[in-house]
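The exercises below are meant to be worked with the sequence and the model open side by side. Try each task before reading the solution that follows.

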Amino acid sequence: MFPTPRTSVLSLAVLTATGLAQSASAQTEIQWWHAMGGELGTKLEEIVAGYNASQSDYVVVPTYKGTYPETMTAAIAAFRAGEQPAVVQVFEVGTGTMMAAEGAVYPVYQLMADMQADFDPAAFLPSVVGYYTDTDGNMLSMPFNSSTPIMYYNKDVFEAAGLDRETPPATWEELESFSRQIVESGAAPCGLTTAWISWIQTENLSAWHNQPIGTLENGFGGLGTELSLNGPLQVKHWDNLARWQDEGLFQYGGPTGGDDAPPKFYAQECAIYMNSSAGRAGVVANATDFEVGYGMLPYYEGTDGAPQNSIIGGATLWVMAGRDEAEYPGVADFFSYLSSAEVQADWHQFTGYLPITQAAYDLTREQGFYDENPGTEISIQQITLNEPTPNSKGLRFGSYVQIRSLIDEEFEAVLAGDKDAQTALDDLVARGNTLLREFEAAN
Amino acid sequence: MKRTIFGNQVLPWLLLAPQLVVTLVFFLWPAAQAIWQSFLREDAFGLNTSFVWFLNYRALLNDGDYMAALGTTAIFSVSVAALSMGLALGLAVSVDRLVKRAPLYTTLLVWPYAVAPVIAGILWWFIFNPTIGILPYLLDRVGYDWNHRLQSGDAMMLVVIAAAWKQVSYNFLFFVAGLQSIPASLREAAAIDGAGPVKRFATITFPLLAPTTFFLMVVNVTYTMFDTFGIIDATTGGGPNQATTILIYKIYADGFLALNLGSSAAQSVILMAIVIVLTMIQFRYIEKKVAY
């Protein structure tokens, strides 16, 4: 919470270590704090090494800072102590907080213009960058790892239940009847499980049906926004999930990312599973005993404008203000490298994250990746299904990390039978709005 | 005995200096910062700061979630203290009656204390996991549908068990030491007078253990208020619907996840006040009154 001595000691250690390694040259160092552990982290370091080898003026130094919230908190603490990195990776729900911090961040469109870098905003996929633009369409941060939720299903269980193994449910009505058939036939004990109640079953549900979750264009229009996700669609969906749970058709995977959901799908307990498109690698690695099918998110029949387009999650790179002037041309140069078609296509194919430019998408298709790897293109088709509307461009609220946990809490209250969906969502709006007013007052 | 007088006024301060510096830098300075911060309303980056007097405190008193967390903390603390002390006392009395191998049992029973809270939390998370855990599976066979993801009672039971398990060892050691300091002659005299084991425990052993018991009560309550963060974070994450969000967890969630520094600081100050009061009760009241 306070600028601790640890942060400065740590960055000092990083500086010293890298300084020793580069002591002979006069390269400018660019610190990049990120939250990519494991294989993703290794891939990230590979990309950085590629950049460092491609030119001799700058050295990008990536540092793993833990989870998304930890990385963001560390960067903020470092900023307060005047030790901020030049670049920090921030998850999508932190966007509202970063945007409001005028003076602490250096908007990407401005950086690229100031540095006269090679940068064409039109080259980016609008449904990816739209989430991170201001109301005038200027890009504020550089998308790095963006994904969108898709549906995975167990083809073998579908067949055992007497369903067509090649046809995933297109609507929620179908999903319900399929699930009932699966459970009643004994093909699997449960129909549906899902990761991310907040991101998938609330935010994406709303965007997919072209419904708002907040006023002022889901918060894009300013800090005076209020939540409005207690509409009839969201109420109906939450009520359905609770009813399906009671009937044994749906199993809850837990709060935030829903850690219990993937094992339910891998163990063939639940036949349908919704999670990020970036979860595909995990699904492929774990679904060894059955064949996996892929589908778009379902929608409710007869809803005007559904399906619209899904929205993204993941993280972007924010440039922090207050570093040495010499570093910013390097940051701009690095961002140009990052958004090049080759780097993007490689990252997209390896991780399952979305390509951020049309060129990377085209390149991947030319390379035949989508034909060889079924299910990998669904995410892109889904976010580009229609031109994003103010309801499906994304969302931007302050204190949204906290609001996301409120979503989980209220949803749990519905599943436990303590509240009906209407009451829970009304309470959610009231509690969320209190946080939004507090955030507005503090900024 | 002749009292030694040191002529040098500087030397004592020099000798104390390392400890004083550590206390100042790591305890008093952050505490002062927290108090100052609790009067401010500030964005995460510290770009806009305004002094708001007691606004953060007033907001907390009107916040249903905070009041609920206070209640949860009280239930949690009392349950953990009662369960861990009860078990520890039972174990200590059993070991105390052993003639052989008492040191072996003592060593084994102390092991859980060496386990880090997060590890303890993850151990219990596995055991109680609704999907892959062994206990929900066994409970299901006797007809109990365990689901701490949704049932607040189950969740509370889980964190109480995990936190108490961790603390049993510590309490056990103190009870064993306490039992050993009770002269055997007292119990023998009672036995000769015809008192059975239960009566001897109730009228002699337990009253003589009272100072230890009161000491442990304060230590346990302090433990549940601060050191259980790792257990809560690893098992329930404060859920479902904040049913296991205790004060320390709320400070973390509001300060580190939500970046609401003012409110988080105000909560730290309140928690600090609660613990200071508890410690004072221990020193002023219990240390003096419970003596034989």
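**Exercise 1.** In which sense, left-handed or right-handed, does helix 15 of chain A cross helix 16 of chain A?

Solution. Bear in mind from the start that this is a predicted model. Begin by locating the two helices, which cover residues 341-351 and residues 358-366 of chain A, and note that helix 15 and helix 16 pack at an angle of about 65° with their axes 8 Å apart. The crossing of helix 15 of chain A past helix 16 of chain A is right-handed. Next, find the residues that meet: helix 15 of chain A contributes A:Ala341, A:Gln344, A:Ala345, A:His348 and A:Gln349, while helix 16 of chain A contributes A:Ala359, A:Ala360, A:Leu363 and A:Thr364. Sorted by class, this contact holds 5 nonpolar and 4 polar residues, and no charged residues.

**Exercise 2.** Determine the strand order of the sheet in chain A that contains strand 1, and explain why strand 2 and strand 4 each have one side without a neighbour in the sheet.

Solution. The order is 2-1-3-10-4 in an open sheet of 5 strands, and the pairing is mixed. Strand 2 (58-64) and strand 4 (142-147) of chain A stand at the edges with a single partner strand each, and therefore one side of each has no neighbour in the sheet. Neighbouring strands here are turned by 20° against each other on average, direction ignored. As a check on one pair, strand 1 (residues 28-34) and strand 2 of chain A are parallel and share 7 bridges, and A:Glu29 lies opposite A:Val59 in strand 2 of chain A. Finally, look for the helix lying across this sheet: helix 14 (residues 327-338) of chain A lies across strands 1, 2, 3, 4 and 10 of chain A, at about 55° to strand 1 of chain A.

**Exercise 3.** Carry out the analysis for the sheet of chain A that contains strand 5, and identify the bridge partner of A:Tyr153 in strand 8 of chain A.

Solution. This open sheet has 5 strands in the order 7-6-8-5-9, with mixed pairing. Strand 7 (250-252) and strand 9 (292-295) of chain A are at the edges, and because each has a single partner strand, one side of each is left without a neighbour in the sheet. From one strand to the next, the twist averages 25°. Strand 5 (residues 149-154) and strand 8 (residues 270-276) of chain A run antiparallel and are joined by 5 bridges; within strand 8 of chain A, A:Ile272 is the bridge partner of A:Tyr153.

**Exercise 4.** Describe how chain A is divided into domains, and what each domain brings to their contact.

Solution. Domain 1 takes in 5-146 + 312-372 of chain A, and domain 2 takes in 149-310 + 398-442. Their centres, taken over C-alpha atoms, are separated by 30 Å. Domain 1 of chain A supplies 12 residues to the contact and domain 2 of chain A supplies 15 residues. On the side of domain 1 of chain A that touches domain 2 of chain A, helix 4 of chain A gives the most, with 3 residues, and the residues of that side divide into 4 nonpolar, 8 polar and no charged.

**Exercise 5.** Which helix of chain A gives the most to the side of chain A that touches chain B?

Solution. The contact draws 30 residues from chain A and 28 residues from chain B. Elements giving two or more residues to the side of chain A include helix 3 (68-80), helix 19 (400-415) and helix 20 (421-442) of chain A. Helix 19 of chain A gives the most, with 7 residues. That side of chain A comprises 17 nonpolar, 7 polar and 6 charged residues.

Conventions
Residues numbered from 1 in each chain as written. Chains lettered and ligands numbered in written order. Predicted model: local features only at pLDDT ≥ 70, side-chain atom pairs only at ≥ 80, totals over all residues. Contact = placed C-beta atoms within 7 Å. Helix = DSSP H or I, 4+ residues; strand = E, 2+ residues; numbered from the N terminus. Nonpolar A, V, L, I, M, F, W, Y, C, P; charged D, E, K, R; others polar. Axes fitted to C-alpha atoms, helices over the stretch in contact; angles between N-to-C directions. Left-handed = near helix turned anticlockwise from the far one by under 90°. Pairing = 2+ DSSP bridges. Domains from an automatic or database assignment.
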